[in-house]
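Trainee: I should like to go through this structure with you, step by step. May we look at it together?

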Amino acid sequence: MSADLYDIRIIEPDSVFFSRGPGGVFQGVLDGKTYPELVVYRAFPFLYTTQYLSIRDPKGEELGIVQDIRDLDEESARELERELQFRYFLPRVTRVDSVKQKSDLWIWELQTNLGPTRIAMRNLHEFMQFPGGARIILTDINGKRCEIPDWKSLDNHSRMQLTDVI
Amino acid sequence: MPIPSKLPEPVRARMPGEPLFSVKTDLMPDGRFGELWFAVTEQEVALWGADGVSIFRLGVSELTEARAANGIGGGTLLADTETGPVVVARYTAALSPAFGFAAKLLTAMAKGEERPVVSEKEFPKYCPNCGNPLTEGSQSCPICKSKGKALVRMLRYAKPYKSQMAVAIVLLMVTAVVEMVPPYLTKVLIDDVLTPKNMGSALLWLVVGLGSTSLVMSVMQTVRGLIGVWVGSKLMGDLRNDIYSALMRLSLAFFDRRQTSQFVGRVNSDSEAMRQFMTDGVIWVSGETLRVIAIFVIMFGLDWKLTLFALIPMPFMVVVSLTLWPKIGRRWYQQWRSIFRLNVLVGDSLQGIRVVKAFGQEKTEMSRYSEANRELVRNNIRIEGLWQGMFPLFSFVAGIGTLLIWYNGGNSVIRGDLQLGVLMALISYLGMLFGPLQWISQMINWASHAISSADRVFEIMDTPSDVPDARNPQPIGTLRGDVSFERVSYGYEKHHPVLKDINLQVKAGEMIGLVGHSGAGKSTFINLICRFYDTDEGRIRIDGTDLRSISQTDLRKQIGVVLQETFLFDGTIAENIAYSKPDATPLEIMRAAKIANAHDFIVRLPDGYDTRVGERGHRLSGGEKQRVSIARAIIHDPRILILDEATASVDTETERQIQEAISRLVKGRTTFAIAHRLSTLRNADRLVVLDKGKIVEVGTHEELLAVEGGAYRKLVDAQKELSKIKGVEGG
């Protein structure tokens with residue numbers, strides 16, 4: 001056992017089942033053991049959003065890694081995906097309505113897959129991240145985040161708004 | 001208990017009791033954006049729509065505990081019940097503090113414990129006028145405050161030099177007037193001398209007049225230029241000083257979150273941009289405006305109908321300037337960001353140059369640099385290109401005015417309505433307008449550059465310190481050194497506490513060893529005593545006085561620190577030892593060094609105490625540096641001493657020497673020591689074992705060792721095991 005302690009434990013897709021409890025809490029059965037509450041972490045939140053997911057108990061002890069969400073059965077995959085969406089609250093931007101600099105705040109009016117929102121930044125160089133490719137992560141003064149998965153594939157209006165900020 | 005968020009009427013009407021706590025959340029239960037009201041009463045926890053529709057309710061009696069499970073960018077309030085955990089509400093990160101409080105309140109209610117008191121800090125602050133978030137610690141909304149504020153604030157720096165600048169402006173006015181003379185003289189020359197072929201002394205005098213005006217002009221230009229340089233350099237000095245002192249004032253937490261190399265560029269380039277605008281910019285603008293006015297006055301005097309033609313292109317130019325203005329500002333900011341990225345990159349790889357070389361990654365670093373560099377080149381071309389394109393456009397448009405005057409004025413001259421000299425004068429005055437025009441576009445450039453710099457500079461200056469000094473600090477005199485921790489919690493990121501509910505009483509003169517795995521919170525513990533950070537909850541008292549009500553200068557005077565990472569400043573060894581006491585006598589410095597076991601090796605150096613150390617100086621070994629820094633702490637003569645892994649990076653013999661020095665140093669002082677090697681803490685009066693931010697054991701080495709299965713015992717056993725493997729020293 002002690003050797004296992006220092007190895008990454010991969011959860012085999014057929015040894016796990018995720019579901020949602022009556023109270024709306026993410027739960028599951030792993031290797032025959034029932035966990036009334038589970039927490040999921042992304043090991044690579046920017047690079048692999050649906051792969052390498054660390055499943056942990058509420059105390060934060062890692063139970064194992066789900067290698068790819070696609071390998072799971074339908075319900076497990078759906079619930080895991082939903083849980084990821086809750087835990088990693090990162091709405092996808094579908095349209096940039098406007099980017100305005102008002103005094104020393106940058107105000108973004110955005111349409112996202114989770115509804116319209118507005119983001120306020122103190123400046124651009126600390127609150128915009130470019131993790132690679134055409135992806136942009138926007139962070140609000142209060143810590144709220146939104147993601148532009150690919151700014152080049154946004155509509156013309158949105159791209160116009162972005163030209164002078166990226 | 002105060003209820004800071006006002007519930008809407010329909011919700012209030014349907015609620016079964018008085019709300020104890022309520023807050024507006026910004027997410028629906030399915031994770032979409034939407035507004036719901038979360039409210040707690042004595043009987044139940046509930047979630048309401050603004051129209052009074054109940055979304056969720058749970059009786060308080062069913063609760064066993066409540067937790068705020070914070071994710072990334074948002075979180076969930078969970079309630080534990082007999083039948084398992086239940087999701088109560090979801091929220092974005094802005095509301096984490098409020099729901100963190102809600103969880104505590106609910107837990108206290110469920111367990112019948114004392115309820116926490118809500119404070120303003122738990123709620124995100126929004127401007128009452130525009131609804132935009134307010135930055136922490138500030139009450140004024142950055143959007144609602146006047147737009148020209150950065151400009152006005154920037155110009156305030158010019159205030160001490162207003163007399164010099166006034167002289168420069170007066171000179172400029174005079175120049176503007178004198179400049180008007182030559183075309184007028186030319187007009188007289190053509191109409192009164194050349195055309196009538198009137199040979200006489202008039203020609204000579206007119207030429208002398210032309211010559212002397214140009215002489216006067218060059219003298220005045222020189223004087224003005226010198227004033228500009230003088231004021232400019234002074235201004236820049238003031239600005240740099242202010243930025244630097246603003247940086248020094250900021251707390252450690254500010255720097256933890258940022259790369260420090262970026263500030264080098266900020267201090268220099270931003271102050272330069274602001275200087276350029278204020279000296280060149282302000283003087284030129286006022287001068288050129290005067291010139292334009294003077295030109296138009298004279299032109300109208302000569303022939304007002306023709307002058308109107310020259311004005312035709314003006315509205316166009318104004319419109320173009322106004323539309324381009326924000327664009328140029330953004331492009332400047334873009335260019336600045338590329339420079340910023342480049343600076344960060346260089347700073348990073350040079351600081352880590354050993355790692356770069358060791359892994360042979362020079363090529364990767366070079367390609368990373370050239371990529372960022374390409375980006376900068378691109379942005380440079382964009383911004384410079386924009387403004388290079390603007391000036392010719394402006395000249396061309398203004399040139400249309402000249403053409404109109406040529407055509408209409410020419411007609412008048414042919415008809416004999418207008419003298420040739422007047423036409424020539426008008427044309428040359430119009431030509432003189434091109435100067436100011438060029439400056440208009442240059443000015444747009446300067447001003448937007450300067451304002452975006454000023455924004456960044458003032459951002460630093462306006463950042464409130466996380467550890468503000470008390471307004472009326474209590475004088476503490478010389479401390480005894482009693483330290484007490486009362487229910488202290490702290491997290492670098494709020495709501496990820498690194499220290500939780502720490503209680504500890506330390507008597508004056510006691511030596512406390514802090515023990516625990518890395519990440520257990522040992523360093524944080526020490527940082528809190530130094531007040532590099534303020535506790536999130538609870539308080540630390542020294543001699544019974546709250547740390548927050550002691551002025552930081554007084555506090556630091558009484559605290560000495562020896563860190564694992566010894567940092568020696570550029571200067572001599574003597575200067576480094578006397579860092580906290582610049583007036584120390586050579587004898588005092590030597591005494592301190594002697595106690596620190598450093599005197600002998602220092603004297604043996606060719607330059608002795610005058611050896612230059614630091615970045616450009618002599619390279620001391622790790623142990624030598626360590627002993628110099630111990631001497632620095634000794635001369636400081638602190639009542640409270642902090643040793644953070646002071647012997648981690650040295651060999652056994654050096655460690656013995658340092659240990660010896662330390663044991664002399666700790667005598668009679670309250671000491672907090674962190675050491676990786678538990679053996680070095682043998683002298684400690686008490687050991688405090690930390691695990692995951694909590695104190696798990698307190699006692700002497702022997703007491704703790706006797707605890708079967710205790711945390712300390714495990715640590716000691718693990719270390720013994722390790723040293724057996726290494727075959728070097730025993731635990």
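**Helix packing and a hairpin in chain B**

Mentor: In this predicted model, helix 9 of chain B and helix 11 of chain B are roughly antiparallel to each other.

Trainee: At roughly what angle do the axes of helix 9 and helix 11 of chain B cross?

Mentor: Helix 9 covers residues 314-351 of chain B and helix 11 covers residues 362-415. Their axes come within 9 Å of each other. Angles over 145 degrees count as roughly antiparallel, and the crossing here is at roughly 160°.

Trainee: Which residue class, nonpolar, polar or charged, has 16 members in the contact of helix 9 with helix 11 of chain B?

Mentor: The crossing of these two helices of chain B is left-handed. Of the residues in their contact, six are charged and seven are polar. The class with 16 members is nonpolar.

Trainee: Which residue in the turn between strand 1 and strand 2 of chain B has a positive phi?

Mentor: Strand 1 (residues 19-27) and strand 2 (residues 33-41) of chain B run antiparallel and are joined by seven bridges. Within this pairing, Phe21(B) stands opposite Val40(B). The two strands form a hairpin with five residues between them. The turn residue with a positive phi, about 90°, is Gly31(B).

Trainee: In which element of chain B is confidence lowest?

Mentor: Chain B averages a pLDDT of 79, and 90% of its residues score at least 70. Confidence is highest in strand 10 (residues 511-515) of chain B, at 89. The lowest mean, 74, belongs to residues 252-256 of chain B, which form helix 6.

Technical notes: Residues are numbered from 1 along each chain as its sequence is written. Chains are lettered from A and ligands numbered from 1 in the order in which they are written. This is a predicted model: local features need pLDDT of at least 70, side-chain atom pairs count only at pLDDT 80 or more; totals for chains, interfaces and linings use all residues. pLDDT is the predictor's confidence in each residue, from 0 to 100. Helices (H or I, at least four residues) and strands (E, at least two) are DSSP runs, numbered from the N terminus. Two strands pair if DSSP finds at least two bridges between them. Axes are lines fitted to C-alpha atoms, for helices over the stretch in contact, and angles run from 0 to 180 degrees between N-to-C directions. Angles under 35 degrees count as roughly parallel, over 145 as roughly antiparallel, 65 to 115 as roughly perpendicular and the rest as oblique. A crossing is left-handed if the near helix is turned anticlockwise from the far one by less than a right angle, and right-handed if clockwise. Ala, Val, Leu, Ile, Met, Phe, Trp, Tyr, Cys and Pro count as nonpolar, Asp, Glu, Lys and Arg as charged, and the others, Gly among them, as polar.
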